[in-house]
Amino acid sequence: MSEYQVSRIYPADKRALAQMDALLAQEGIERDKNLDYMAGLFDEDYNLVATGSCFKNMLRCFAVDHTHQGEGLLNAIISHLIAYEYEKGNLELFLYTKVNSAKFFGDIGFYEIARVEDKLVFMENRKNGFQSYLQELAPTRCDQGKSGAVVMNANPFTLGHLYLLEKAAAVCDTLHVFVVEEEASPIPFSVRYALVKSGSAQLKNIVYHSSGSYIISSATFPSYFLKDSQLVITSQAKLDLKIFTKIAQALNITERFVGDEPFSEVTSIYNKIMAQELPAAGINCTVLPRKKGATGPISASKVRQALKEGKLE
């Protein structure tokens, strides 16, 4: 290993980025659009022989030059990324990998959370991490009456979100609301979570949860090694629903409520898959029509655009 050096790859380093893209392409991978740290293992001539990256507490975009396979270079990159994450205080790390690479990551200390057969595996570096998350949720389980669930980004919380919660809470004894915990938007999670709680405080049968790293968002999902856009959406939905099913079992949730989606093709496809997958797991899926405002269905994306343009009214 003495002839190689691990270095950070900066966005301004066009030569290193070009090498990184070429190396990833060898593995049938495209550079993910969501990366906040990129690293490379370079030889003495500054030629890239291995690479790996991070986004938040997710490790991603690994590749090793085929002429250097078997030299332990991937281990060196992963060790570097783990040290970088630990230095930042991120001790709970996650990754997605192709099914045929899952054993390698298992051998270096990652544990499977869920998988979509023949497509991908979701893993973490804590043996009992997901079980610990379920145990943290357990005190909010209610075995009396009906328990339902809503998962939302609330980016930001709108009257449309409130309408969804009102309709769902009205037919449940307990409604579990999961706010997706990602920081991929201008509105921080802490603000979104506070908006949901304060905006729906009058609904007394709601229990609020942060999603942790387990309920998957579009930012954290690894589209970089799934080529077909339809396959990306389908795989994300199926993986997310496998995890949600385990959460639902832990909390005795028998129904999930979602708003219909007239704007986003991705969310519309996601809803269709949800309507197919959840009933097979014994969970009803109820799609509620969106609340309409003066200009049509209320949309958080329209609110974000208005905020961006300074149209506060």
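**A look through the predicted model**

Asp118 sits in the loop that runs between strands β6 and β7. In this predicted model, the residue has a positive phi of about 65 degrees, although Asp118 is not a glycine. With a relative accessible area of 67%, Asp118 is exposed. Another residue with this kind of backbone angle is Lys56, whose phi is near 55 degrees, again a positive value in a residue other than glycine. Lys56 is found in the loop between β3 (48–55) and β4 (58–64), and its relative accessible area of 33% makes Lys56 partly exposed. The backbone also holds a cis peptide bond, which joins Asn155 and Pro156 with an omega of about 0 degrees. Pro156 belongs to the loop between β8 (147–152) and α5 (159–170).

How confident is the prediction? The protein averages a pLDDT of 89, and 93% of the residues score at least 70. Confidence is highest in strand β9 (residues 174–179), at a mean of 97, and lowest in strand β14 (residues 296–297), at 82. As a reading rule, predicted coordinates should not be read in detail where pLDDT is low.

Moving to the interior, the largest nonpolar core has 36 residues. Those that touch the most other members are Phe122, Phe130, Tyr133, Phe178, Leu239, Ile243 and Ile247. Several elements each supply at least two residues of this core, namely β5 (94–97), β6 (111–116), β7 (120–124), α4, α7 (229–251), β11 (253–259) and α8 (265–280). Helix α7 gives the most, with nine residues. In soluble globular proteins, nonpolar side chains tend to be buried together.

Helix α4 (residues 129–137) is a good place to see how a helix can have two sides. Gly129, Phe130, Tyr133, Leu134 and Leu137 of this helix are buried. Seen down the axis of α4, these buried residues fall within an arc of 140 degrees, so they line one face of the helix. Gln135 and Glu136, on the other side of α4, are exposed. Two of the buried residues, Phe130 and Tyr133, have already been met among the core members with the most contacts to other members.

Charged side chains also pair up, and the structure holds eight salt bridges. One of them links Lys103 and Asp107, with the closest N and O atoms 3.0 Å apart. Both residues lie in helix α3 (residues 102–107), four residues apart, which is about one turn of the helix. Lys103 and Asp107 are both exposed. In another salt bridge, the side chains of Arg141 and Asp143 meet at 2.8 Å, N to O. Arg141 is partly exposed, at 35% relative accessible area. A further salt bridge joins Glu309 and Lys311, where the closest N and O atoms are 3.0 Å apart. Here Lys311 has a relative accessible area of 47% and is partly exposed, and Glu309 counts as partly exposed at 43%.

The surface has nonpolar parts too. Val303, Leu307 and Leu312 make a nonpolar surface patch of about 280 Å². Val303 is placed in helix α9 (residues 300–308) and, at 30% relative accessibility, counts as partly exposed. Elsewhere, Pro279 in helix α8 is partly exposed, with a relative accessible area of 43%. Pro279 and Glu255 are 24 residues apart along the chain, and their C-alpha atoms are separated by 9.0 Å.

Terms used: Residues are numbered from 1 along each chain as its sequence is written. This is a predicted model: local features need pLDDT of at least 70, side-chain atom pairs count only at pLDDT 80 or more; totals for chains, interfaces and linings use all residues. Side-chain values use heavy atoms; hydrogens and water are left out. Patches are made of residues with over 30% relative accessible area and no salt bridge: like charges are joined within 9 Å, nonpolar side chains (Val, Leu, Ile, Met, Phe, Trp, Tyr) within 5 Å. Accessible areas come from the Shrake-Rupley method with a 1.4 Å probe; for residues, only the protein chains shown count as cover. A salt bridge is a side-chain nitrogen of Lys or Arg within 4 Å of a carboxyl oxygen of Asp or Glu. Buried means under 20% relative accessible area, exposed over 50%, partly exposed in between (1.4 Å probe, protein chains only). pLDDT is the predictor's confidence in each residue, from 0 to 100. The arc is that of the directions from the helix axis to the C-beta atoms. A nonpolar core is a set of buried Ala, Val, Leu, Ile, Met, Phe, Trp, Tyr and Cys residues joined through side-chain atoms within 4.5 Å.
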